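Student: Could you take me through one part of this protein closely, and show me how that part sits in the whole? I would like one connected account rather than a list.

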Amino acid sequence: MKLMLNRFAIVIAIILVVTGCSNQKNNTPKNIIIFIGDGMGYNHVNITSYFQHGELGKQVYDSFPVKLGMSTFMIGGEIYNPDSVWANFNFVKKKPTDSAASGTAIATGSKTNKAKLSVDTLNNKLNTILDIAENFGKSTGVVSTVPFSNATPAAFVAHNESRYNYKEIAKEMIIESKVDVIMGGGNPLFNPDGTPIKSTNERFVGEKEAYDMNVGDNSSTKFEEKIFNYVGGREVWNLLNDGSVGADADNDGVNDPWQLIQDRSLFQKYAKGETPKRVIGVFKSGQSTQVERNDSLENEMPFSAPLNEEIPTLAEMTLAAINILNNNSNGFVIMAEGGAIDWVAHNNLLNRTIEEQIDFNKAIEAACNWVETNSSWNETLIIVTADHETGYLVGPGSNVKVNDSDVDLWKPIGNNGKGKLPSVEWFSKDHTNSLVPFYAKGTGSSKFLDVIKGNDDVRGNYIDNSDIGNVIKLLLK
Ligand SMILES: [Zn+2]
């Protein structure tokens, strides 16, 4: 009997080795790291390159082997059509997508309507690539510079007919999901500028209406309870503090409660060495990492207002998340979001857009270094892209017709050299359906060249946001 068992084990071992080999031939990545710059169009990258380097082409992802455009339109929106886009300046402003619809397309491979999170247009649940990765025994996580229950991270974990149901969304992420790492803002003990709430009145003066609008919660629930919505309500927050909430994340029949961290030093500590099994990091801001810190004056230079040192950078959070997820020898899938690029672009704030884009760029550099030090491009895939463009950011003097002709409606960004603000003009306070950049490097990255949807006169070959979900599903199999 013992001998038979041994033979059985050998046969299994051979099957595993053979499958392993064929997986490598099929470019199956062990680890997948997806970076989403929320609202990051081509020119958000360009203005930041001019500011950081005085020239284009110096970002770590500029040297990735796969560089394409990507369409982001939603169901019920205006389908991307290169001919219309470059013939009519305002075409991309028609019915733009949002982070929920685009996040759903990226996370599931299926497009949906505005505001829906990983459900189809009839509100049927769609499996996300994180759901699927969990079924293959991988670890999964989401990281963001804005509240973790906001649309982009939520689209990878939760399933809800409205992105504004923050309390339900956060509850699904914390209580029901099997993800292993969640990191983001929305801390109920801190104001949006990162100062601790001393008394309830201090925070609530003048904030209630804006908050109700933001979170879509006009219920009669007391405002001091609503500020817990981002983290699933006061009860869930208390359970997180007690370390007594969390589903069975690894299918061993035992619950895996979350360890809650809030101090920047712990985010930094967990970037190396031993870590808890399952971590939820809620940094010390009621909203984003840095964009609400003191007043944003339009003529301020980037970083002229000191950063809040109590809050981790996206690079620090991403490295901690990767180190925690890397405890699993089956590998991991993680989405890390520069979530506030979109927020400042909505306000057409050039200085803060550059700050947020630099924070995002540094996180990608850190992840590339991690791959080269702790993994390899033969086992890890990195994708860098956006869910949509925000602000219709172009060069100054755009959309001025010369002799009734449509040529040269789009003027280039003015490069004023390293450390100088570039010259720009914003044409929207909302999102656009412009193509966004897509970069990929590592095993499996060439698969995106097989799904090209069309050729754009200005941006070249482009894929669609739903191709990310669909290609990753194939790569995971
Ligand atoms: Zn937005």
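Tutor: Happy to; here is a walk around helix 15, followed by some other places in the chain.

A word on the ground rules comes before the tour. This is a predicted model, in which local features need pLDDT of at least 70 and side-chain atom pairs count only at pLDDT 80 or more, while totals for chains, interfaces and linings use all residues. Residues are numbered from 1 along each chain as its sequence is written.

Let's set the scene with the whole chain. The protein chain holds 16 helices and 15 strands; helices (H or I, at least four residues) and strands (E, at least two) are DSSP runs, numbered from the N terminus. Its C-alpha trace spans about 90 × 55 × 45 Å along the principal axes. The radius of gyration is 22 Å, in agreement with the value near 23 Å for a compact globule of 477 residues; this radius is taken over C-alpha atoms, and the globule rule is 2.2 Å times the number of residues to the power 0.38. Of the 477 residues, 51% are buried. Here a residue is buried if 20 or more other C-beta atoms lie within 10 Å of its own, exposed if 12 or fewer, and partly exposed in between, with C-beta atoms placed from the backbone. Among contacts with a separation of 6 or more, 72% join residues 24 or more positions apart; two residues are in contact if their C-beta atoms, placed from the backbone, lie within 7 Å.

Now to helix 15 itself. Helix 15 covers residues 350-374, which is 25 residues, and reaches 36 Å from its first C-alpha to its last, close to the 36 Å expected at 1.5 Å a residue. That expected span is 1.5 Å times one less than the number of residues. Because 18 of its 25 residues are buried, helix 15 is largely enclosed by the rest of the structure.

Next comes the core. The largest nonpolar core has 119 residues, and Phe35, Met173, Ala321, Ile334, Ala363, Ala367 and Ile382 touch the most other members. Helix 15 gives the most to this core, with ten residues. A nonpolar core is a set of buried Ala, Val, Leu, Ile, Met, Phe, Trp, Tyr and Cys residues joined through C-beta atoms within 7 Å. Not counting residues up to four places away in sequence, Phe35 touches Ala336, Ala363, Ile364, Ile383 and Val384.

Met173, another of the core residues named above, is buried in helix 7 (residues 166-176), as are Tyr166, Lys167, Ile169, Ala170, Lys171 and Ile174. The cover over the buried residues of helix 7 includes helix 6 (151-157), strand 4 (181-185), helix 9 (208-215), helix 11 (234-242) and strand 6 (279-282).

Helix 15 also has a helix partner to look at. Helix 2 (residues 42-53) packs against helix 15 at an angle of about 85°, with the axes 9 Å apart. The two are therefore roughly perpendicular to each other. On the helix 2 side the contact is made by His44, Val45, Ile47, Thr48, Phe51 and Gln52, and on the helix 15 side by Thr353, Ile354, Gln357, Ile358 and Asn361. Axes are lines fitted to C-alpha atoms, for helices over the stretch in contact, and angles run from 0 to 180 degrees between N-to-C directions. Angles under 35 degrees count as roughly parallel, over 145 as roughly antiparallel, 65 to 115 as roughly perpendicular and the rest as oblique.

For another helix pair, turn to helix 4 (residues 99-108), where alanine 105 is found. Helix 4 and helix 16 (residues 465-476) pack at about 25°, with their axes 5 Å apart. That makes helix 4 roughly parallel to helix 16. Alanine 105 is buried, with 30 other C-beta atoms within 10 Å. Beyond its neighbours within four places in sequence, alanine 105 contacts Ser110, Lys111, Asn465, Ser466 and Gly469.

Two loop residues finish the tour. Tyrosine 392 lies in the loop between strand 9 (389-390) and strand 10 (393-394), and its phi is near 45°, a positive value in a residue other than glycine. Tyrosine 392 counts as buried, with 25 C-beta neighbours inside 10 Å. Asparagine 399 sits in the loop between strand 10 and strand 11 (425-426), with phi near 60°, also positive in a residue other than glycine. Asparagine 399 is partly exposed, with 13 other C-beta atoms within 10 Å.
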